[in-house]
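Please look over the structure shown here. The report below goes through selected residues and one helix pair.

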Amino acid sequence: MLRHEPPPLPPKKNSSGYNHGITLHPYHTFSKGDISRCKNLTVLYLHNNFIEKIGNLQHAVNLTHLYLQKNKISKIENLQYLKNLKKLYLSRNCIAVLEGLEALTNLEELHIDKQQLPPGESLYFDPRTIKTLSTCVRVLNLSNNNLISITDLTPLQEIRWFISRDNQLSDLGDICSTVQQWPYIGCVEIQGNPVCTVLKYRDKIIGAASSSLASLDGKDVTETTRTFLKRFEWNKANNMKKTESTPKIHPVVSKNVKSLARQFPIGVQQTISHTILADAEMMGFPVKRNSSTNMFPGWRNRDEEAECSSKINIPRLFLRHTSTSHIDKKQDKADGCNITALQL
């Protein structure tokens, strides 16, 4: 029964004398006798009443608005009688699973944000309830519930306004794939999630969403922006498809490359630097060896470089048109070796 201090507000009445709304003062409880005689009750305010269990609503079959926020409710139950319920407020309770709404086929607005959950826990979704909500719910508020994914909400085909602020959503692909399945989505609010730090996350979501999206995180989505981003994503997807469909070619690199440079002389066509073949082998291409092809430079290949590095190179001087009278030979000894200095 209701406690008498302080007294509850009297039920509201319309001109015909029927009750259409009841508001209970904070810190009151309600029982079967409180509303059993209110046959035409449509709005019921029960917020901030320390309610731990939902019940005694079987007589409120005409209820359209139910306010149960700021209570101690841990489970959604006993709402199967409310066939005409359109708005349900369950914010700031202790609910860990979104369930028990299979009979509410006319529910359009659901607020279940800011649940008092144990550390590390997040809000879960009953597939049966999601299936029911997929045909009716238009406004869904799931803010501050430690959500890490919204993939389970993909079936919500009638949703218009999705609010999921201050959660743990970090997978941009998960959000885009989900929003893409909502044909009538008009407003998305995901501020305060880790995904908001991803570069150009707005562009990705706008490009994935339908043309009905008009607002994202409090900012309007213009038609010009949407058209540009959708065209950009479309071109990107087509380029990826072309790249994937193009067969990979593994050319055979040969020493004989006359077919690659037919405009050059025959001698140039038959000459190739050994570095080209070495680079090809390092890249994993098959190389055909042809002993008839000349190497450039012909006097220096890898084997010769290794051989020359172990020997002392003695320079040779080639004299042309030089008379012996201009040569001044001097003998000198340095480190036990004879050195001849020539002056031309």
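## Loops, a strand and a helix pair

Lys70 lies in the loop between strand E4 and strand E5 (87–89). The model is a predicted one. Phi of Lys70 is near 60°, a positive value in a residue other than glycine. Lys70 has a relative accessible area of 47%, so it counts as partly exposed.

Asn48 sits in another loop position. The loop in question runs between strand E3 (43–45) and strand E4 (65–67). Asn48 is not a glycine, yet its phi is positive, at about 60°. With a relative accessible area of 24%, Asn48 is partly exposed.

Next comes a loop residue with less accessible area to report. Ser134 is placed between helix H2 (127–133) and strand E9 (139–141), in the loop. Its relative accessibility is 12%. The cut-off for buried is under 20%, so Ser134 counts as buried. Which residues does Ser134 contact, leaving aside neighbours within four places in sequence? They are Pro155, Leu156, Gln157 and Glu158.

Ile163 belongs to a strand, E10 (residues 161–163). Ile163 is buried, at a relative accessible area of 6%. Residues up to four places away in sequence are not counted in its contacts, which are Leu140, Asn141, Leu142, Ser143 and Glu189. Asp113 is 50 residues from Ile163 in sequence. In space, the C-alpha atoms of Ile163 and Asp113 are 9.1 Å apart.

The table sets the four residues side by side.

| Residue | Place | Relative accessible area |
|---|---|---|
| Asn48 | loop between E3 and E4 | 24%, partly exposed |
| Lys70 | loop between E4 and E5 | 47%, partly exposed |
| Ser134 | loop between H2 and E9 | 12%, buried |
| Ile163 | strand E10 | 6%, buried |

Now the helix pair. Two packed helices are described by the angle between their axes and the distance between the axes. The axes of helix H3 (residues 172–179) and helix H4 (residues 201–208) come within 8 Å. They cross at roughly 25°. Angles under 35 degrees count as roughly parallel, and H3 and H4 are therefore roughly parallel to each other. The crossing of H3 past H4 is right-handed.

Which residues meet where H3 and H4 touch? From H3 come Leu172, Ile175 and Cys176. From H4 come Tyr201, Lys204, Ile205 and Ala208. By class, six of the residues in this contact are nonpolar, one is charged and none is polar.

Is H3 enclosed or open to its surroundings? Six of its eight residues are buried, so H3 is largely enclosed by the rest of the structure. The buried residues are Leu172, Asp174, Ile175, Cys176, Thr178 and Val179. The buried residues of H3 pack against H4. Leu172, Ile175 and Cys176 are on the list of buried residues, and they also meet H4.

Finally, the whole chain. How many helices and strands does the chain have? There are eight helices and 19 strands. The chain has 344 residues, of which 35% count as buried. Its accessible surface comes to about 21900 Å². Carbon and sulfur atoms hold 54% of that surface. Among contacts with a separation of 6 or more, 41% join residues 24 or more positions apart.

Technical notes: Residues numbered from 1 in each chain as written. Predicted model: local features only at pLDDT ≥ 70, side-chain atom pairs only at ≥ 80, totals over all residues. Heavy atoms only, no water. Axes fitted to C-alpha atoms, helices over the stretch in contact; angles between N-to-C directions. Helix = DSSP H or I, 4+ residues; strand = E, 2+ residues; numbered from the N terminus. Parallel < 35°, antiparallel > 145°, perpendicular 65-115°, else oblique. Left-handed = near helix turned anticlockwise from the far one by under 90°. Contact = heavy atoms within 4.5 Å. Nonpolar A, V, L, I, M, F, W, Y, C, P; charged D, E, K, R; others polar. Buried < 20%, exposed > 50% of the residue type's maximum accessible area, 1.4 Å probe, protein only. Areas by Shrake-Rupley, 256 points an atom, 1.4 Å probe, with all protein chains shown as cover.
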